[in-house]
Amino acid sequence: SQLPDVHSYYNMLLGLNEWAKALRCMSLTDLIQSVNTGQKIEVASATDVIPTLHTVLDEMIRKLQDYMDDSQPGYKFLSAIRALDPRQVLSLPSNANTHLECFPDLTVTSELLTDLAIYMDRVKNLSPDDQNNLDVLQFWKALCASAPALSQLALEYLCVPSSGVDVERSFSMYKTVLDDKRMNMTEDTVKTLNFIYFNSKNVCDD
């Protein structure tokens with residue numbers, strides 16, 4: 001299945017955490033109804049698996065809570081990047097300027113603040129239909145002329161991979177590029193071949 005965009009991950013984590021907590025607090029009857037797929041589930045057999053299910057949910061909630069901690073820089077980034085989503089920025093509990101300060105190694109300059117004001121005005125003028133059909137990256141590309149500094153920042157951050165899968169695949173591709181018969185290649189040649197192999201595969205898959 002397709003991974004959510006990086007600016008949607010924060011909401012996904014919140015929703016997953018709340019779902020796990022709600023499931024953990026369900027009564028046996030409600031739990032059976034929630035997982036029933038049309039097959040009759042006997043209460044006795046369901047009772048046997050409840051402790052195991054609770055253990056799994058408790059561990060899931062614990063891991064989510066560990067990740068959803070303000071001390072986690074990745075979690076702060078996922079929270080902050082919502083300010084660059086025109087569909088979310090107006091509903092955030094704090095202003096967009098506060099969220100910009102959470103980005104790593106970013107100095108909020110007067111130019112960024114000027115661009116931010118332009119961005120917010122543009123968002124406020126979006127109609128409900130515009131919001132529903134919005135392509136976030138295209139929105140920022142269209143804003144490049146009037147808010148260049150913030151647009152460049154947004155396009156860089158919004159393209160951050162939402163998963164490490166592609167990185168792992170690129171490393172695995174080295175097995176194809178480098179073998180016993182091709183050990184004399186320079187580092188630059190190996191990098192270039194790996195780039196070609198990996199990206200040509202992605203183009204074919206698309």
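**Packing in an all-helical predicted model**

Leaving aside neighbours within four places in sequence, methionine 68 is in contact with Leu13, Leu14, Asn17 and Tyr75. This residue of the predicted model sits in the loop between helix H3 (43-67) and H4. Is methionine 68 buried or exposed? Methionine 68 counts as buried, because its relative accessibility is 14% and the cut-off for burial is under 20%. Its C-alpha lies 9.9 Å from that of serine 79, a residue 11 places away in sequence.

A wider view of the chain helps to place this loop. The chain contains 12 helices and 0 strands, so the run of elements from the N terminus reads α-α-α-α-α-α-α-α-α-α-α-α. Of the 206 residues, 30% are buried. How are the contacts spread along the sequence? Taking contacts between residues at least 6 apart in sequence, 58% join residues at least 24 apart.

The confidence of the prediction also deserves a look. The mean pLDDT of the chain is 76, with 74% of the residues reaching 70 or more. Over residues 202-206, however, the pLDDT is below 50, and this stretch makes 0 contacts in the model beyond near neighbours in sequence.

Attention now turns to the interior. The largest nonpolar core has 33 residues, and those touching the most other members are Leu84, Phe103, Tyr119, Phe139, Trp140 and Leu150. At least two residues of this core come from each of helix H1 (9-24), helix H4 (73-80), helix H5 (96-100), helix H6 (110-124), helix H8 (136-142) and helix H9 (148-158). Leucine 150 offers a good example of the packing. Not counting residues up to four places away in sequence, leucine 150 touches Leu84, Leu100, Leu112, Asp115, Leu116, Tyr119 and Trp140.

Helix H6 can be followed in some detail. H6 has 15 residues and spans 21 Å from its first C-alpha to its last, close to the 21 Å expected at 1.5 Å a residue. Which residues of H6 are buried? They are Leu112, Asp115, Leu116, Tyr119, Met120 and Val123. Seen down the axis of H6, these buried residues fall within an arc of 145°, so they line one face of the helix. A general point about helices is useful here: an α-helix has 3.6 residues a turn, so residues three or four places apart point the same way. The buried residues of H6 pack against H5, helix H7 (128-132), H8 and H9. On the face turned away from the buried side, H6 carries the exposed residues Ser110 and Lys124.

One residue of a neighbouring helix can be examined in turn. Glutamine 131 is found in helix H7. Its relative accessible area is 19%, so glutamine 131 is buried, given a cut-off of under 20%. Apart from neighbours within four places in sequence, glutamine 131 is in contact with Pro86, Arg87, Val123 and Leu126. Val123 is also among the buried residues of H6.

Finally, the cysteines were considered. How many disulfides does the model contain? The count comes to 0, where a disulfide requires a pair of cysteine sulfur atoms within 2.5 Å. Cysteine 144 is partly exposed, with a relative accessible area of 31%. Cysteine 159 is likewise partly exposed, and its relative accessible area is 49%.

How values were computed:
Residues numbered from 1 in each chain as written. Predicted model: local features only at pLDDT ≥ 70, side-chain atom pairs only at ≥ 80, totals over all residues. Heavy atoms only, no water. Core = buried A, V, L, I, M, F, W, Y, C linked by side-chain atoms within 4.5 Å. Buried < 20%, exposed > 50% of the residue type's maximum accessible area, 1.4 Å probe, protein only. Helix = DSSP H or I, 4+ residues; strand = E, 2+ residues; numbered from the N terminus. Contact = heavy atoms within 4.5 Å. Expected span 1.5 Å × (residues − 1). Arc of directions from axis to C-beta. pLDDT = per-residue confidence, 0-100.
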